[in-house]
Structures are given as C-alpha cells and as structure tokens.
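Q: Could you pick one part of this model and take a close look at it with me? I'd like to hear what sits next to it and what covers it.

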Amino acid sequence: ERKTRVVEVDSRVDQIDFLERLFGEPCDAVKPIYISGGPKTGKTTIIKEMLKSRSLPHVYIDCVSVFNDKALFEDIISQITNPHLKWPFGNSHVCSNFYQFIRLLKEYITSDSQTYYFVFDVCDRLRSAGQQFDSLLFDNLLKIESLTDLNICPIFISQICFSDLRTSDSSREPICVTFPPYSEPDLATIIT
C-alpha cells in the first residue's frame with residue numbers, strides 16, 4: 001500500500017517522495033539539501049508546502065531580499081523568535097557576524113529539539129559578485145549543524161547546479177535534488 005504524500009503534485013512525485021524520505025521523522029538529522037531546476041518548476045512551492053503541512057519548524061529566506069550577512073542573520077533569528085511575523089520589523093537582535101549568529105542560534109534552538117529547517121531561496125545570491133556577503137558564508141551555512149551542534153538542516157534552492165556554485169574548498173556536500181522542466185502533458189495537467 002502506497003503511503004499518502006503530504007504534498008500532491010503528479011509531475012513531481014519522484015522529487016516529493018525523495019524529499020519525504022530525506023526528512024524522515026521530525027527529530028532525524030538531515031544532511032544539507034540543495035534543490036536546483038529552472039524557473040517555475042515548483043521548487044520553492046513544494047518545499048514550503050512540505051514544511052508547512054508537516055508542521056516542521058523552519059525559516060524561509062528569499063536571498064534576493066537580504067543584502068548582507070547581518071540582514072540574513074537577523075532575519076533568521078527574528079523568524080525563530082517571532083515565527084508569526086511576516087517581516088522582522090523592530091528586530092531587537094543585533095547580529096553583526098557569524099559568531100554572534102551561532103551564539104544566538106544556540107540560545108534559541110535547543111539541542112534536543114526536532115530538526116529546524118533553514119530555507120535559502122535563490123541561494124546563488126549568497127555568492128554573487130556585488131553582494132555584501134562574506135566569501136565563506138555559503139560554506140559555513142552548509143556545515144551549520146556541525147558548527148552549532150544543533151539539529152539544523154539547510155535547504156538551498158537555486159536555478160544553478162551545485163557543481164557550478166561550489167568552491168574548491170567546500171567541505172560539505174549537500175544532497176542534490178533536481179527539478180526538471182515540466183513536460184507538455186505536465187503543463188496541460190497543471191493548467192486544467
């Protein structure tokens with residue numbers, strides 16, 4: 001008997017089943033996940049819906065809307081401490097660097113809690129020229145679980161394959177999931 005999926009999108013059955021196996025039980029440690037695929041292939045929608053429907057603790061960062069490390073760290077901490085706020089107005093947590101970020105994560109996430117998911121949408125922006133991000137930020141986020149000793153799973157979403165984004169000194173390899181373009185029959189089904 002087939003297990004019912006939390007999210008049903010016929011043309012994304014393989015990706016959804018694979019992600020559900022990766023997520024496992026709420027307290028299971030999950031390796032970093034890197035999701036790639038073209039625009040409008042359902043990457044963000046499916047991840048957000050899976051996390052929401054399973055009631056998994058998570059933060060969602062649209063990397064287009066953050067312009068430096070400080071803004072990224074403060075947005076994450078704000079979402080952890082005030083999960084119902086849609087935007088971190090009046091954020092009282094000053095977090096200027098990665099070390100302060102780690103300290104605050106340890107303060108607000110308990111080590112015995114279920115997996116906390118950090119979703120970084122359009123994550124290639126974290127490495128884009130002209131952005132004000134530390135050059136090691138992406139690599140540090142890949143290994144955030146080991147740096148904090150907390151059950152945190154980063155999920156990176158991009159149109160770029162991980163092999164095109166990684167550096168030679170990337171110390172941690174994520175599990176890569178590719179969302180291929182929709183076929184014509186898939187599009188016809190989605191439209192109807």
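**A close look at strand β4**

A: β3 and β4 run parallel to each other, and six bridges link the pair. Keep in mind that this is a predicted model. Let's stay with β4, which spans residues 152–158, and work outwards from there.

On the β3 side, the residue standing opposite F156 of β4 is F120. β4 also has a partner in β1, residues 33–37, again in the parallel sense, this time over four bridges. F156 turns up here too, as the bridge partner of Y34. In general, strands of a sheet pair through backbone hydrogen bonds, and they can do so parallel or antiparallel.

Zoom out a little and you see an open sheet of five strands with parallel pairing, in the order β2-β3-β4-β1-β5. β2 and β5 are the edge strands, each pairing on one side only. From one strand to the next, the twist averages 15°. Out towards the β5 end, β1 and β5 pair parallel over five bridges, with S36 opposite T178 of β5.

Two helices that pack on this sheet both touch β4. α1 touches β1, β3, β4 and β5, and its direction makes about 160° with that of β5. α2 touches β1, β2, β3, β4 and β5, and its direction makes about 155° with that of β4.

α2 deserves a moment of its own. Among its residues 43–53, the buried ones are K43, T44, I46, I47, M50 and L51. Their cover includes α1, β5 and the four strands β1, β2, β3 and β4. Just past the helix, S55 has a positive phi of about 55°.

Back to β4 itself. Seven of its seven residues are buried, so the strand is largely enclosed by the rest of the structure. For scale, 47% of the 192 residues in the chain count as buried. As a rule, side chains in a regular strand alternate between the two faces of the sheet. In β4, I152, P154, F156 and S158 point one way, while C153, I155 and I157 point the other, and all of them are buried. Take C153: its relative accessibility is 0%, so it counts as buried.

What is β4 buried with? Generally, nonpolar side chains in soluble globular proteins tend to be buried together. Here, the largest nonpolar core has 34 residues, and L72, I76, F101, L105, F118, F120 and L141 have the most contacts inside it. β4 is one of the elements that give this core at least two residues each, and the others are β2 (58–62), α3 (69–81), α4 (98–108), β3 (116–121), α5 (137–142) and α7 (162–165). The top contributor is α3, with six residues. I76 shows how these pieces meet: setting aside neighbours within four places in sequence, its contacts are V59, I61, F101, L105, F118 and F120. There is also a second, separate core of 19 residues, and I157 of β4 belongs to it, as do I35, M50 and V177.

You might wonder about the cysteines. The structure holds zero disulfides. C123 is not in one, and the nearest cysteine sulfur, on C63, is 6.5 Å away. C123 has 0% relative accessibility, so it counts as buried.

Two loop residues are worth a glance as well. D149 lies in the loop between α6 (144–148) and β4. D149 has a positive phi of about 60° even though it isn't a glycine. At 61% relative accessibility, it counts as exposed. V122 lies in the loop between β3 and α5. V122 isn't a glycine either, yet its phi is positive, at about 55°. With 28% relative accessibility, V122 counts as partly exposed.

To place all this in the chain, there are eight helices and five strands, and from the N terminus the elements run α-β-α-β-α-α-β-α-α-β-α-β-α. Of the contacts between residues at least 6 apart in sequence, 75% join residues at least 24 apart. On the outside, the chain exposes about 10,200 Å², with carbon and sulfur atoms supplying 52% of that.

Notes: Residues numbered from 1 in each chain as written. Predicted model: local features only at pLDDT ≥ 70, side-chain atom pairs only at ≥ 80, totals over all residues. Heavy atoms only, no water. Core = buried A, V, L, I, M, F, W, Y, C linked by side-chain atoms within 4.5 Å. Buried < 20%, exposed > 50% of the residue type's maximum accessible area, 1.4 Å probe, protein only. Contact = heavy atoms within 4.5 Å. Pairing = 2+ DSSP bridges. Areas by Shrake-Rupley, 256 points an atom, 1.4 Å probe, with all protein chains shown as cover. Axes fitted to C-alpha atoms, helices over the stretch in contact; angles between N-to-C directions. Disulfide = S-S within 2.5 Å.
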